[in-house]
Amino acid sequence: MALPPGGREDWGDYAAIRAYFMDEAVDDEALYGFFSEGFGAQTGMGPERIAQFVAQNPGNDAYLFFPHARDAACFLNVFEEGEFHHPGLQQLAQDYLDALGLSLDLREFVTDFRTTAWTGYVLAKPVFWKTWFDLTEKVFELAESGDSALAERLNASSAGAATAMKVLLTERIASLVLALDQQLRIAVFDHAALPLADLASLAYQDKLPQLDALKRDYLVTGDISYIDRFLELRNSILAYSRQPPTQAAATSQAAIGGRDAELVYGCITHVELPIRFPDFVTPIYLGESQAEGRLNLRELAPQWVPYHPIVGGMVGNFALRNYILKHHPNVKRIGVCMYRKFISRERISGVPAQDNWMMDVVSNKELERQSFDSMLDPGSSDLLIGKTCGFVVDGQSAGYLKHYGRAHHIEDMLRFTAAAVELGVLHSDEVERFFDERVFFMGGVELGVFPADFWLKSIADIEAVAWACVQRYQVKREAYQSRAWAFCAERLGSYLLLRYLRAVCGGDNYEQFMGQLNLITQDDQKLYVPSN
């Protein structure tokens, strides 16, 4: 259930959870979860995907969906993690346990991925919640007594956030219950399948499972050498996280063993490239074009391989994003083209495609005569986008939804939009504007040059929505219509780009960023034939 506003703001989400357990009877075999408003955006998960995970892992007492992989891996437990972000929290938690008469030294308390979560990321049966509620009510009683130094510290705000220490403590008690109740059966959603919460530690992403394995080995053997190795590795990661941005950038470059780039330019292709692309362009290969020694979808985003036919070339952008985050996390601009479509600063041929006036055709022979490098070079601009167009239905201007319903299967667009709202990619107040938007960018965010932070966030949002749709709906279309989610993703990308441009430019005054969309053709061909 989504949490309603609680009666006591000073208690955060705990006020609403407490009210529920005080007023409602519970079913011992039912699962209860109390998710905050940001849960969908942080995890990329909605009710259907959660239900699917439960169905795939039946019979457990608790299901964990904790998105903060770095924090789960890099600390011995959630209280040490709390101390890192909120100084004084670990000692406060220790004093709380001592007041309850629980003999547990938090300095030696070790949890792994299986037992690390905060309250808002747990779906569990009452066997978990009853213990949790008993322990959190003790926090409530101590804080509300108001007549002790401990109560004063519980009610104080964290120096690291405008949140009461009692709230930070109660949400972490979930992990205490998970670790100490050895009878609980627990299923953990794969951290690697959740959106990354901390882009600053992407250079060390592959080290997080190693940290978790060291903690597990210690819990099994009691061999303190595993903790020594854990601390050495995690300290290097935390030291990186504490650095100023400029210093962290240099560290990241050393960690990944290569020079970071100011501009990364990717080319998405499912065929052999029709012409030699500039050296600064990085091809991402899909489908049958994948081969040893190339940057392939099957290695960069393997979960998307089965869905390439229905999501189209957009899956290449998901792969490109993963490549950039791992190898060039400090990039400033990101360029994207397709094996036969690209945006140049100036018109090259001046010859529009016969059935699509938005694109100029440029023959492979012409590219050989001229400098393809200079055509693709975006210069120093942070943005290089194509020109806009609109949709027409029955001779009149039409919005995204009306045109989609005429050209494709309207139910796909409705499902895609619903998932976008559910995941927080679109606000519910935006849906009408999205459906009725009259300005369209061909390719959305799949063609052009963009500020890195905007592009990475946009592709992550589109990926979350597309993933929700492919998991929920067994959509099968024929021929051109088979790429159902690709058509939806293009429209969402166009809307996200428009939203960004209007915010930056204060309206629709973004012509200065517009270049020319080009189509590479063979010889003198001028007809545009869509493909995957």
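**Contacts, helices and salt bridges**

Colleague: Which residues does T136 touch, not counting residues up to four places away in sequence?
Modeller: This is a predicted model, so keep in mind that we're reading a prediction. Leaving out anything up to four places away in sequence, we look for partners that T136 contacts from elsewhere in the chain. That gives Y14, Y96, T170 and I173.

Colleague: Is T136 buried or exposed?
Modeller: Start with where T136 sits, which is helix α7, covering residues 126-145. Its relative accessible area is 0%. The cut-off for buried is under 20%, so T136 counts as buried.

Colleague: With which residue does the side chain of T136 make a polar contact?
Modeller: We've already got a list of residues that T136 touches, and Y14 is among them. For a polar contact we need a pair of N or O atoms within 3.5 Å. At 3.2 Å, side chain to side chain, the partner of T136 is Y14.

Colleague: Let's go to another helix. How far does α9 reach from its first C-alpha to its last?
Modeller: Helix α9 runs over residues 165-180, so there are 16 residues to count. At 1.5 Å a residue, the expected reach is 22 Å. The model comes out close to that, with α9 reaching 22 Å.

Colleague: Where does α9 bend?
Modeller: The helix has a bend of about 25° along its way. The residue where α9 makes that bend is R172.

Colleague: How many of the 16 residues of α9 are buried?
Modeller: Helix α9 is mostly covered. K166 lies in α9, and its relative accessibility of 1% makes it buried. Over the whole helix, the buried count is 14.

Colleague: What residue meets the side chain of K166 in a salt bridge?
Modeller: The closest N to O distance for this pair is 2.8 Å, and the cut-off is within 4 Å. The pair links distant parts of the chain: K166 is in helix α9, while its partner is in the segment before α1 (13-23), 156 residues apart. K166 is buried at 1%, whereas the partner, at 32%, is partly exposed. That partner is D10.

Colleague: How many residues apart in sequence are the parts that D28 and K130 tie together?
Modeller: The side chains of D28 and K130 meet in a salt bridge at 3.2 Å, N to O. D28 lies in the loop between α1 and β1 (32-33), and K130 lies in helix α7. D28 is partly exposed at 46%, and K130 is partly exposed with a relative accessible area of 46%. The parts they tie together are apart in sequence by 102 residues.

Colleague: What is the distance between the closest N and O atoms of R502 and D508?
Modeller: These two form a salt bridge. R502 is partly exposed at 25%, and D508 is partly exposed at 40%. Their closest N and O atoms are apart by 2.7 Å.

Colleague: Which residues do salt bridges that share partners join into one network?
Modeller: Here we look for salt bridges with partners in common. Following those shared partners gives one network of D112, R114, D212 and R216.

Colleague: How many salt bridges does the count come to?
Modeller: We've met several by now, including K166 with D10 and R502 with D508. The count takes in every Lys or Arg side-chain nitrogen within 4 Å of an Asp or Glu carboxyl oxygen. It comes to 29.

Colleague: How far apart in space are T131 and V177, C-alpha to C-alpha?
Modeller: T131 lies in helix α7 and is partly exposed at 32%. T131 and V177 are 46 residues apart in sequence. In space, C-alpha to C-alpha, the distance is 7.0 Å.

Colleague: Is D394 buried or exposed?
Modeller: D394 is in the loop between β12 (391-393) and β13 (396-398). Its phi is near 55°, a positive value in a residue other than glycine. The cut-off for exposed is over 50%. At 61% relative accessible area, D394 is exposed.

Colleague: Last one: what share of the residues in the protein chain is buried?
Modeller: The chain has 22 helices and 16 strands. Among contacts between residues at least 6 apart in sequence, 76% join residues at least 24 apart. Of the 532 residues, the buried share is 54%.

How values were computed. Residues numbered from 1 in each chain as written. Predicted model: local features only at pLDDT ≥ 70, side-chain atom pairs only at ≥ 80, totals over all residues. Heavy atoms only, no water. Helix = DSSP H or I, 4+ residues; strand = E, 2+ residues; numbered from the N terminus. Buried < 20%, exposed > 50% of the residue type's maximum accessible area, 1.4 Å probe, protein only. Polar contact = N/O pair within 3.5 Å; in protein donor to acceptor, adjacent residues only side chain to side chain. Contact = heavy atoms within 4.5 Å. Expected span 1.5 Å × (residues − 1). Bend = angle between axes of the 7 residues up to and from the residue.
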